[in-house]
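Reader: Could you take me through the aromatic ring pairs here, one by one? I'd enjoy a close look at how they are arranged and how open their residues are.

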Amino acid sequence: YLRLLPTSVITYFADRMARPDAPVIYYIHPREIDVDQPRLPMPMSRQFRSYVNLGTTRGKLEHLFSRYRFERMADWVEAHGSHLPRMAEQASVRPA
């Protein structure tokens with residue numbers, strides 16, 4: 001969860017995991033950056049998961065945008081898709 005982890009942890013793992021053939025993928029729902037969203041009634045544990053650190057997400061994204069190159073997933077797949085395993089190849093490799 002981008003919202004939950006400190007920026008230093010996010011960049012630590014991104015630096016170690018990113019490779020040209022396997023980029024780091026971030027999925028961000030619009031509610032992750034909407035600090036003014038209405039607070040819905042829900043159990044305390046769910047409130048924590050839904051609302052904690054909402055105010056930090058935008059700054060984390062700005063840091064990531066300044067540190068890394070981003071592109072749309074569709075563009076990456078178009079450029080590198082020929083190197084991805086095909087479904088038939090994946091199906092033929094089965095655990096023993």
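Author: Happy to, with the reminder that this is a predicted model. Let's start with a tyrosine: Y12 has a relative accessibility of 41% and therefore counts as partly exposed, since that class lies between buried, under 20%, and exposed, over 50%. F13 falls in the partly exposed class too, at 44% relative accessibility.

Searching the whole structure turns up three aromatic pairs. One of them joins Y12 and F13: the ring centres are 5.0 Å apart and the planes stand at 90°, so this pair is edge-to-face. Planes over 60 degrees apart earn that label.

Another pair is made by F65 and F70, with 4.9 Å between the ring centres and 80° between the planes, so edge-to-face is the right description here as well. F65 is partly exposed at 49% relative accessibility, and F70 is partly exposed with a relative accessible area of 36%. These two phenylalanines also belong to a cluster, in which ring pairs link Y26, F65 and F70.

While you have the model open, have a look at D15 too. This aspartate sits in helix α1, which covers residues 7–17, and it is partly exposed, with 37% relative accessible area. Leaving aside residues up to four places away in sequence, D15 touches R67 and Y68. D15 and Y68 are 53 residues apart along the chain, and their C-alpha atoms are separated by 9.4 Å.

How values were computed
Residues are numbered from 1 along each chain as its sequence is written. This is a predicted model: local features need pLDDT of at least 70, side-chain atom pairs count only at pLDDT 80 or more; totals for chains, interfaces and linings use all residues. Side-chain values use heavy atoms; hydrogens and water are left out. Rings of Phe, Tyr and Trp (its six-membered ring) pair if their centres lie within 6.5 Å; planes under 30 degrees apart count as stacked, over 60 as edge-to-face and the rest as tilted. Buried means under 20% relative accessible area, exposed over 50%, partly exposed in between (1.4 Å probe, protein chains only). Helices (H or I, at least four residues) and strands (E, at least two) are DSSP runs, numbered from the N terminus. Contact means heavy atoms within 4.5 Å.
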